[in-house]
Amino acid sequence: MNASKKVAFYTLGCKLNFSETSTIARSFEGEGFDRVDFSEKADIYVINTCSVTENADKRFKTIVKQAQKVNPEAFVAAVGCYAQLKPHELADVDGVDLVLGATEKFKITDYLNDLSKNDFGEVHSCEIEEADFYVGSYSIGDRTRAFLKVQDGCDYKCTYCTIPLARGISRSDTLENVLKNAFEISKQGIKEIVLTGVNIGDYGKGEFGNKKHEHTFLELVKALDEVEGIERLRISSIEPNLLKNETIDFVSKSRTFVPHFHIPLQSGSNEILKLMRRRYMRELYTERVSKIREVMPHACIGVDVIVGFPGETDERFLETYHFLNELNVSYLHVFTYSERDNTPAAEMEGVVPMKVRNKRSKMLRGLSAKKRRAFYESQLGTTRTVLFEGENKEGYIHGFTENYVKVKAPWNPELVNTLEQITLTEIDEDGLVRFKVAETVLA
């Protein structure tokens, strides 16, 4: 391959996709490609797709157009979840040359012997049953934090979700490999690692390509806590039924794990949870939140919630609203339900009109803003550790405390990627928190 070939990447969707894009990018660099920004001229544009939101589908076409505008002759490849679910639909998009499904995406460089434009998109996708092997990956998007993939796929059968169709069965990286990757990340001076996967609480399953468990999520967390050189570890998102009390207790005393949990709820109505085929009732969710608050009163707790699911009457929506309003959580991620092909929910009765879905979404977003504000207010006057990020945003540097309070200060390049002890003082008009450097720290 010609050493001067250039490749550019665009990632849609979740943190897991970002970690996988990084791994794919490193395989290109190993073949002698230079990685450039997506807005620059490249010989190959790789788009890592997502199937979770409607917009991701529409954005795909826009991104292909962007690439073609910069270089009409460039070779365009689509990989990822949407490429697995609807390969022929992506291949039909004008300008797309190659579509790779779940098993092929990590072997993309094998398909690039001929980079001439195709008259039509070439598809290599597998039956999703074949996606039963595990490819470890991690991303280093910025200098301050990295996303480390520990698990892939999902054995749950939530009625609204296409992820099992797009990513296959639940399978895990070996503990040894996760620790090796974590150590590699720490050697690059990165201070924070975010654990990511499709269903990370299911970690351990499929370590041997079968259902046998060698390790559990708790063992993973304990082993990572010992890795030299890592300052902070964050659990990205974990199912309430898989977040065990032992894990919560361990995090509360841990050296590196931060007091921040993101726990999907999806609905505060037990009837809707049953229709969604979630694996818990709202009572279990309340128990988890109480347990976290008991051992880590200052923890940040984020919640995923879906509005407008079929059968969500006004009463059931208000059940969710009141449940969340009374729950001691810190912020919400609100998703408006959208129908997906080949999911049971798409066939269900009781469809909620789009206008109603949007109104409910707006109500919960308003509640989220109120919750976040109350959480930030509860933290004023406390001393926390902040990790500063590398971007100069209109003359300010931003950072997150261990319990996920977002702070700001006038730009100072010396603070980038440093951990500082600070006392939170006031909330700015933009909702971010101002601070003073804690007195205990010598200047």
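F9, F28 and F33 form one aromatic cluster. That is where I will start, and a reminder before going on: this is a predicted model. In total, the structure holds eleven aromatic pairs. One of them is Y10 with F38, an edge-to-face pair with 5.1 Å between the centres and 75° between the planes. Y10 lies in strand β1, residues 6-11, while F38 lies in the loop between β2 (34-36) and β3 (44-49), so the pair ties together parts that are 28 residues apart in sequence. Are the two partners buried or exposed? Y10 counts as partly exposed, at 22% relative accessibility. F38 is buried, with a relative accessible area of 9%.

A further edge-to-face pair is F309 with Y337, at 5.3 Å centre to centre and 70° between the planes. Here F309 sits in the loop between β14 (300-307) and α11 (314-326), and Y337 in the loop between β15 (331-336) and α12 (354-379), so this pair ties together parts that are 28 residues apart in sequence. F309 and Y337 are both buried.

One more ring before I leave the aromatics. K408 lies over the face of Y396, at 4.1 Å from the ring centre.

Now the chain as a whole. It has twelve helices and 20 strands. Of its 443 residues, 55% count as buried. Take the contacts with a separation of 6 or more: 72% of them are between residues 24 or more positions apart.

Next, the sheet that contains β14. Three strands form an open sheet, in the order β13-β14-β15, with parallel pairing. β13 (260-266) and β15 are the edge strands, each pairing on one side only. From one strand to the next, the twist averages 20°. Six bridges join β13 to β14, and six bridges join β14 to β15. D304 is a useful residue to look at here. On the β13 side, P264 stands opposite D304. In β15, the bridge partner of D304 is H333.

How much of β14 is covered? Eight of its eight residues are buried. C300, G302, D304 and I306 point one way from the strand, I301, V303, V305 and V307 point the other way, and all are buried.

Strand β11, residues 192-196, can be read in a similar fashion. Five of its five residues are buried, so β11 is largely enclosed by the rest of the structure. E192, V194 and T196 point one way, and I193 and L195 the other way. Which strands run parallel to β11? Five bridges join β8, residues 145-149, to β11, with R145 standing opposite E192. Four bridges join β11 to β12, residues 232-235. There, I193 has L233 as its bridge partner.

That brings me to the packing. In soluble globular proteins, nonpolar side chains tend to be buried together. In this model the largest nonpolar core has 51 residues. Those with the most contacts inside that core are L148, L195, L220, L224, L324 and L364. Helix α7, residues 217-224, gives the largest share of the core, five residues. Apart from this core lies another, of 22 residues, among them A74, A83, L90 and V99.

Take L148 as an example. Leaving aside its neighbours within four places in sequence, L148 is in contact with S137, Y138, V178, N181, A182, I185, I193, V194, L195 and T196. Of that list, I193, V194, L195 and T196 belong to β11.

Then α7 itself. Six of its eight residues are buried, so the helix is mostly covered. The buried residues are F217, L218, L220, V221, A223 and L224. What covers these residues? Among the elements that do are α6 (175-187), β11, β12 and α8 (245-253).

To close, the points I would keep in view while you turn the model. Y10 and F38 make an edge-to-face pair, and so do F309 and Y337. In the open sheet, β14 has eight of its eight residues buried. In β11, the buried residues number five of five. The largest share of the largest nonpolar core comes from α7.

How values were computed:
Residues are numbered from 1 along each chain as its sequence is written. This is a predicted model: local features need pLDDT of at least 70, side-chain atom pairs count only at pLDDT 80 or more; totals for chains, interfaces and linings use all residues. Side-chain values use heavy atoms; hydrogens and water are left out. Rings of Phe, Tyr and Trp (its six-membered ring) pair if their centres lie within 6.5 Å; planes under 30 degrees apart count as stacked, over 60 as edge-to-face and the rest as tilted. Helices (H or I, at least four residues) and strands (E, at least two) are DSSP runs, numbered from the N terminus. Buried means under 20% relative accessible area, exposed over 50%, partly exposed in between (1.4 Å probe, protein chains only). A charge sits over a ring if NZ of Lys or CZ of Arg is within 6 Å of the ring centre and within 35 degrees of the ring normal. Two strands pair if DSSP finds at least two bridges between them. Axes are lines fitted to C-alpha atoms, for helices over the stretch in contact, and angles run from 0 to 180 degrees between N-to-C directions. A nonpolar core is a set of buried Ala, Val, Leu, Ile, Met, Phe, Trp, Tyr and Cys residues joined through side-chain atoms within 4.5 Å. Contact means heavy atoms within 4.5 Å.
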